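Hi,

Here is the structure I promised to pass on. Have a look at it first, and then read my notes below.

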Amino acid sequence: MDSVNGTPFPWFTDAQEILAALEELLAADARRDALKSLARYAALVERLGVLAGQGEDCIGLQDVCMLYQECLIQFETRGTDLKHNEYEQLASWPGLVRSYLKSPVAPGSAAALVEHLEAFRSGAPLSEEDAEMLKMLLELPAQKQSSAADGASPSFGGEVDVPSGVGGSSMPGDGLQGPEGILSTHEIPRGAQELVELLIKELPLLAESQARALELGLSAATDPDVRQQAFDIYAEHLTRFSDAAAAVGFEGLHYLCGHIRKNVLALAAERRVVYATEADVLAQWGPRVRHYLDAPYDPRVCSSLVESMRSTGWLQPLTADGAEALLALLAEPQFTQDEEASLSTRPQKVSADDISLAVPEDVNVELLEAMLQELPKQTQELSDAIQNLARGGTLDDVRVAQRLAHTIKGAGNTVGIRGLAVLTHHLEDILLDLAKREVLPSRAMSASLLNAVDCLEGMCEGLIGSASPPRDAQAVVQEILDWAGHIDRQDLKEDGALTGAAAYSPSKPDGRSPEVLSDGVRESTGSPEQSPRPMDAMTPMVRVPATLLDDLLRLAGETIILTGQVHERLRATIRQAHVMQEQCTRLGELGAELERFIDISDLNSDRKKPVHNADFDPLEMDQYSELHTHSRILVETAADAGAMGGGVIESLSHLDDMLVSQGRLNRESQESLLSARMVPVKTILPRLQRAVRQTCRLTGKQAEIHFSGIETLMDSDVLSQLVDPLMHVLRNAVDHGIEAPTARANAGKEMAGTIRLDFIREGNNIVVRCTDDGAGLDLQAIHRKAEEMGLVSRDREISEEELKRLIFKPNFSTRSQTTQTSGRGIGMDVVYGCVLNLRGSLTVQSQPGKGCVIEARLPLTMISTHALLVRVDSHLLAIGDRGVEQILHGGDGELRRFADLWIFHVGEQTYPVRSVRSVLGLTEDYPSAWASRCPVLLVRGEVGICAVFVDQVLEGRDLVVKKLGAYVPKLPGIMGVTILGDGAVVPVLDVLELWQIAHQKQMTPNTAAYGTSDRARHLPVALVVDDSLSARRALEQVMADAGYDVSAARDGMEAVELIEKMRPDIVLADLEMPRMNGIELIAHIRAEETTSSLPVIMISSRSTRKHREQAMAAGVNVYLTKPFSEDDLLDHVQSLSSSYAKVPGAEVAR
Amino acid sequence: MINDPQPGATGLGEKKWLSPVQALTHFIRSQQVCDLTESSGDASGCSASCTRYGFRVGNIGLLLPADKLSEVIGDAVIHPIPTTPAWFSGLINLRGNLISVFDLERLFGIDHEQDKRQFLLIVDRGDKAVGIPIKELPQAVPMGRCLGQLPVLPSILRPHTRLAYVHEKDIWLDFDFEGLFSAVGIQMLD
């Protein structure tokens, strides 16, 4: 220290001389030759730097001089004059150095030097880090001075906000207690694990820096400056690590590192050889921190780490208070979750919002369309992958499934459909975990995953509109969420099963263990070649509205009709041309004959005529008159006309050929359009498989389902209407047909039942046959039930065929109790009605103990049908060929009267005669002479064959059957109408339906009440009122399955309008709705005389007593709260419906 | 529906307000709507400057729906359909479209002279198109005064009649087209 000048630097005087020389140098040259002075300036700066380096604590100034010198050399090398500001900077630098040297303690003196340097080095600026480091080094003497004045160790109070009490004397012997000795079971959250791993990776780098510093520190030969620099660098690395620890959330580690850094800097400031004890504690802290990062919640680890910081080996060991505070911080790291981690914070419960399939109002329509186009294929592939896993599978299936779940999640998030996104998000997490741990799912998990993909497929169908959203979505998503939660808490063993402490049993309605249910279904599609595959990804697809296809089909049909009309006219014209040509030929012949007559007459008259030319005899020279000329012209004209006619006929023939070609093209267009509506049957297989799986799960049975003919094409309308009936049939096959595994084993059958679903094309029909190997129909139980219901009397014999057909009666079931699957007697009734609506027929065969075969015969397409064009009296009709087995000649048999009925006797068979004449309002009179000439159609119905007499069968052809218009309902016995080639509109009759109606009128009153014709039986009408689309659809599906004809309204106002029009049998209404809420709606219903006793069930999420009382006071019959049990709802519906009687006059004919 | 008046305003003059229960159970009948439209002045369908087309079925004048296309064709060939009521004349083929023809005179029970139909009025398009035999061409009808009360109408027509207008002593009915024919269609199954 230079006590004279009051500066801590003893070499201050020498430095003063250098600085004075610098100032003189610049003043003397006065910028004239500043460039030449740069070299001398640089030399002086170098001397100053060497001088500073000789001091023990002036490294900072030495570095400043070195950096300054570099700039000066660059300026000299540059070769251009100094700029004014550069000159000014040069001139001011010595003063700054002098101020610093005089008083390094003065605030800002070090900073001023650094700032000056940064300004001077604008072309090659210092990094922030270097500037900071330089400033620190320049402040070293100041700190040392102040700490020497205070008598305390140097510390960096401003840099680390350490808890009070850290630093100072240690208090050995203070044993640190862990938090009550309880082993914490906390784990680092998944979102922070990656960051912790990054932190751990920094430790080796820090250890390297530490090792270098210790190596230099322990060696006496090391230059003190170098030693100090090494420690400074190590301290810098410690700062980085400390900051990183703070960023992750290890506040305790941050403080710890700060304390270590303080010790290191203090050690470095002493510029001496490091003691062995000091080196030991430095070497040990790294592994302890590593251990801490592995188990931050372990109190023993925390205690050990803190205890190590209190060792006397440290220059500044931790105080007791500091240790206690540090321990608390170490034991409870506050991890910072990044955005992704915060988003994936998993809830515990699934809300209704989490399964919502509502499409946002501001959705991008194109994105939505694109998603809807790809979603079925993606969900199908995901389902296939999960099913593979359920059957064993490989890790590839896990990865495929995870990728698909991720894709669907992304699509759901992009479009904004929360239900899709939430389910696939949790599903993806589960699959990711499986893929990461490289394990396959356990049986329990596989069952849940199967549920999830079934639900996902249901959601997909709900979005597309082909089915209602899945009703059990909330339960399924909760199940998946629970699995994902277990993964978060790492409750799973290596094999994917749950640890003992966290055994998981997803709640099921029947409480069955999932292990039993997950083996419910093994599915096969017959041969591997026939395995159902999703739509071919390579075929470009275009979504086209069905109405557009219908329009195109109509136009194609009209074109064919017009072409046919043109063709007929053309043929008529050709015929006329032929006739005309014949006339021309005839005319030519007449002309020739006329010529002959003229010639003959001339000959006779020649003897009397004077001879004009005496040289020739009249026979030697023809003599022509005007008559000859005209007759000749006539003959030639006739010949020309004939030739022209021939030309016209030839042209018309060519035109005919062209029209034939055009007709062929038109038919091809029509067939292509028809085929656009045709889809392979395999598109509905996933839903059918799902139905079997779900029923197996619900009933605890096992079944294999096999398909054949899945490539058969069907009209998309027919197929979409066939799905629900087929699902009913399959559910029935599992529930009623297939026995329980034990019963099957006792009967010597395989544990798993077999169901076959065959699709067979027969001409223009498709046969769908469902065969099971279950117990078959219990005919005795059916007979008993029929007697109970009054369908048969005890003393009347009923055939087996009639008994079997009783299962198609409404409300018929042999089950005494209703379950979710069956028992209400509505399934087969609905199936039968659907098949009839599709103009099909349904038969059932059964063998006790061996199984049941249900066969539906349906038209391939509803657009066209094969029919016979017949004439009855003067009326032209078309008769659908459904059931037509034979066409006989009336003379082949005998028409006779028997007990007031007409019968047709042919061979050994006798057939009742069914009349088409009565349909046309004609008398039923069959004169025998007429009957013997007429064609007779033999038509097979459900109870036998009947004979239908017509006047004439013109032809059989494929006809496009059209409806009678939006306002004309389906008429009994009328399939529709068709337009013939000449534009005539011809009704297409369904003789079987006409016959069934007539047959029904002859049945007993009891049986008539349970008529088989869907036309004679009115379906009860239910009105569903709810402003929520998903709730409305779900309820519609429930009521439709219950056998109701369902209408829906979005609010009370709409409901009022519908009630006025259609008079429902029951109303199911929500409470809170826009425009008119449930209470107001019910008040209106009760106020009207015609609806005052209409049953109303209110379904609401409001479960308070107040709401319930208000609703009951308004007139609600039953108040249900969501979520509700479907069984309960349907029980209420049944009991209310049976007691409701409509007000006379309020009935609206349907 | 009654428009909500300003608080404290009488709105409808001397009309007294209904109690909430009465309001819920009482829907506005056509008379009230007429009163409203008269008192409020210009309301849609009641302006003197509004003209619509109407056609006659017997002595009943019906206004064509303003939002539907209509055309008149010569008496086309009507193909009867068996098992249908007598007032359902049948179907015609109009440019490849099948159009149901309803004889409203028969439906309404109006005495008619057979074979005096000259025209077929086609209302609406597509499968909702309906054909109605008429004797006279539709005419333009300036909307005049609303009748306070509907006249006696056929039972099938009355529930679907909204308003009745008077123009030069002729009464013209504004009716719900789709509602009427939907009800007619339902009646076909009786």
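Let me start with one residue in chain A. If you skip the neighbours within four places in sequence, A:Ile879 is in contact with A:Ala867, A:Leu868, A:Val870, A:Leu937, A:Leu989 and A:Val991. Keep in mind that this is a predicted model.

A:Ile879 also turns up in the largest nonpolar core, which has 79 residues. Those that touch the most other members there are A:Ala878, A:Ile879, A:Val948, A:Val988, A:Leu989 and B:Leu91. So you'll find A:Leu989 both in that group and among the contacts of A:Ile879. There is a second core, separate from this one, with 49 residues, including A:Val681, A:Val734, A:Ile738 and A:Met828.

Now over to chain B. It has 4 helices and 11 strands, and 26% of its 190 residues count as buried. Taking the contacts in chain B with a separation of 6 or more, 54% are between residues 24 or more positions apart.

Five of the strands in chain B make an open sheet with mixed pairing, and the order across it is E3-E6-E7-E5-E4. At the edges sit strand E3 (70–74) and strand E4 (88–94), each of which pairs on one side only. On average, neighbouring strands in this sheet are turned by 30° against each other, ignoring direction.

If you want one pairing to look at, try E4 with E5 (residues 97–102) in chain B: they run antiparallel, over 6 bridges. One detail to pick out there is B:Leu94, whose bridge partner in E5 is B:Asn97.

Cheers

Terms used:
Residues are numbered from 1 along each chain as its sequence is written. Chains are lettered from A and ligands numbered from 1 in the order in which they are written. This is a predicted model: local features need pLDDT of at least 70, side-chain atom pairs count only at pLDDT 80 or more; totals for chains, interfaces and linings use all residues. Two strands pair if DSSP finds at least two bridges between them. Helices (H or I, at least four residues) and strands (E, at least two) are DSSP runs, numbered from the N terminus. Axes are lines fitted to C-alpha atoms, for helices over the stretch in contact, and angles run from 0 to 180 degrees between N-to-C directions. A residue is buried if 20 or more other C-beta atoms lie within 10 Å of its own, exposed if 12 or fewer, and partly exposed in between; C-beta atoms are placed from the backbone. Two residues are in contact if their C-beta atoms, placed from the backbone, lie within 7 Å. A nonpolar core is a set of buried Ala, Val, Leu, Ile, Met, Phe, Trp, Tyr and Cys residues joined through C-beta atoms within 7 Å.
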